[in-house]
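This briefing is written for a reader at the bench who wants to see how a ligand is held by the protein around it. Please look at the sequence and the structure first, and then read the points below alongside them.

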Amino acid sequence: MSYHSVQHIKLTDLANQFGTPLYVYDANKIIEKIAILRDSFKNVHLKIKYACKANTNLAILKLMRKHGVEIDVVSPEELHLALKAGYAGEQITFTPSGVAFEEIALAAEAGARINLDNLDVLEKFGQKYGNTKGALIRIKPHVFGGGNEKIMTAHPESKFGISIHQKAEILAIVEKYNMKIIGLHQHTGSDVKNADAFTQAASAILDLAFSFKDLEIIDLGGGFKVAYKDGDIITDMQEVGEVLSNAFLDFSQKYGRELQLWFEPGKFLVSEAGTFLTTANTVKHDPIKTFVCVNSGLNHLGRPMMYGSYHDIFNASNEDESVQEEYRVVGYICETDTFSWSVDGKQGERRMNQVRAGDIIAMKNAGAYCYSMASQYNSRVRPAEVLVLDGQAHLIRQRETLEDILRNTIDIDL
Ligand code: LLP
C-alpha cells in the first residue's frame with residue numbers, strides 16, 4: 001500500500017504547508033463510509049450514532065451531522081462538543097461506563113438518550129425519573145468478539161453493561177419504578193472481524209427484548225473492523241448487514257412493530273480517512289537494524305504501543321521503489337515507542353522506499369483513536385489537524401504551543 005496524496009493533494013505539500021507532525025483526514029472517505037453503512041442496512045430503519053471518542057474534532061462532528069449521522073458520547077465534555085457541533089439533545093446518546101449518577105442526570109436533562117450500564121444507575125434513574133424519561137439499558141451478552149483482549153467488551157469478565165444473566169434484577173427494578181425502557185444496547189468490542197460475534201450478540205439482545213414492552217430501539221454498538229493493510233480480513237458489511245437486518249426484521253414482526261436499529265461505529269467511519277504525517281529526524285544505522293527516528297511518538301499515536309496495532313507506514317517523500325530498506329520506525333519519546341509493529345503483534349521493521357533525514361513518513365489508519373488519545377507526554381505539544389474536503393485542505397486544529405502545556409500550571413515557589 002502506498003498512497004502519496006489525499007484526494008489530489010500531495011502529502012508532502014500538506015506537510016510543507018502545515019508542518020509536521022500533522023493529522024490529515026479525508027472528508028470524502030468518511031462520506032463514502034457513511035454511504036456503505038447505510039447501504040448495508042437499507043432494509044431496516046437505521047440510525048447511525050457516530051462513537052465520537054474515535055475522533056472528536058468539531059469539524060468531523062459537523063461533517064457527520066451534515067450527512068445525517070447522529071452521535072454517541074461518553075462524557076459530559078463529549079456531550080458538550082456534540083451540542084456545540086449543532087446536535088439536538090435527542091440526537092445524542094450518552095453511553096458512559098461506571099460514571100457518577102450526576103453525569104447521567106446532566107445528560108438526561110440535556111435531552112440525550114441514556115444507556116444505563118449498571119444496576120445502581122438503573123435504580124437511581126428509576127427513582128429520579130420514574131416513567132417520565134425513557135432510557136436504554138446496556139446489556140453484556142457474554143459474547144467474545146474484538147481485535148484483542150483490551151478492546152473486547154461483551155465477554156463475561158468485561159466491566160461493561162449489565163450481565164444478561166441479571167435479567168431478573170433488571171426487570172424487578174424496571175417494574176418497581178414503572179420505568180419506560182425504550183431500548184436495549186450492546187457493544188461487542190472493537191475490530192470485530194467475524195460476523196458470528198455480531199449475530200450471537202444480536203440474537204441474545206433480541207431474545208431479551210421480548211421482556212420489555214416499550215422498546216423503540218435496538219442498539220448494537222460499533223466495532224466493525226476495517227483494513228489496516230492489503231489483504232486484511234475486515235467485517236463483511238454486506239454479510240453483516242443482511243444477516244442482522246433479517247434477524248431484526250424477523251424480531252420486529254414477532255415483537256409487533258418495527259423498531260429503529262442503531263449502530264455506533266467509530267473506526268469504521270473515520271479510521272481509514274486519517275493519515276499521520278511525521279518527518280524523519282534521522283536515519284540511524286545500527287549494526288543490527290536501521291532506525292528511522294521521526295518527530296513524534298507514542299504521545300501522538302499510541303495505538304501500536306498500547307495494542308500492538310499495525311499501521312501501514314510509508315515514505316511519502318520518495319516514490320522510487322527501486323531502492324528499499326527494512327526500517328524500524330520509532331519516535332522521539334524517552335521510552336520505547338515503536339510505530340512499526342509486525343503483523344503478529346511484535347515490534348518489527350517495515351520495508352520502505354529509501355529514507356533520508358527530512359523525508360515525510362506517513363502512517364495510515366490514523367483517523368480513529370489517534371489524535372483523541374494523544375497526550376502531552378515528555379511535554380511535547382499535540383499536532384495540528386487538517387480536513388480535506390472536495391480537494392480543499394482546511395486547518396481544523398492548530399498545533400499546540402508551550403502555552404498549552406503551561407495552561408493549568410500554578411507557578412508557585414514553596
Ligand atoms: N460503542 C461503544 C459503547 C464503545 O465503547 C465503542 C468503542 C464504540 C461504540 C465504537 O467502537 P469502534 O466502532 O470504534 O470499534 N482505543 C481502541 C478502541 C477502543 C474502543 C472503545 N469503545 C483502539 O484504538 O483500538
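**Ligand site and domains**

In this predicted model, 17 residues surround the ligand, and those that come nearest are S190, E264, K267, R303 and Y369. The space that the ligand takes up is the largest pocket.

**Polar contacts and cover**

- The side chain of K267, one of the residues that come nearest, places an N or O atom 2.7 Å from an oxygen atom of the ligand.
- The side chain of R303, also listed among the residues that come nearest, has an N or O atom 2.6 Å from an oxygen atom of the ligand.
- A nitrogen atom of the ligand, for its part, lies 2.8 Å from an N or O atom in the side chain of Y307.
- On its own the ligand has 580 Å² of accessible area, and the protein covers 92% of this area.

**Make-up of the shell**

- The shell around the ligand consists of 6 nonpolar, 6 polar and 5 charged residues.
- Both domains contribute to this shell, with at least three residues drawn from each of domain 1 (56-265) and domain 2 (271-406).

**Domain arrangement**

- The protein is divided into domain 1, covering residues 56-265, and domain 2, covering residues 271-406.
- The C-alpha centres of domain 1 and domain 2 are 33 Å apart, and 12 residues of domain 1 are in contact with 14 residues of domain 2.

Conventions: Residues numbered from 1 in each chain as written. Predicted model: local features only at pLDDT ≥ 70, side-chain atom pairs only at ≥ 80, totals over all residues. Heavy atoms only, no water. Near = heavy atom within 4 Å. Polar contact = N/O pair within 3.5 Å; in protein donor to acceptor, adjacent residues only side chain to side chain. Areas by Shrake-Rupley, 256 points an atom, 1.4 Å probe, with all protein chains shown as cover. 1 Å grid on protein atoms, 1.4 Å probe; cavity = no way out; pocket = protein on both sides within 12 Å on 5 of 7 lines; lining within 4 Å. Sits in = over half its atoms within 2 Å of the grid points. Nonpolar A, V, L, I, M, F, W, Y, C, P; charged D, E, K, R; others polar. Domains from an automatic or database assignment. Contact = heavy atoms within 4.5 Å.
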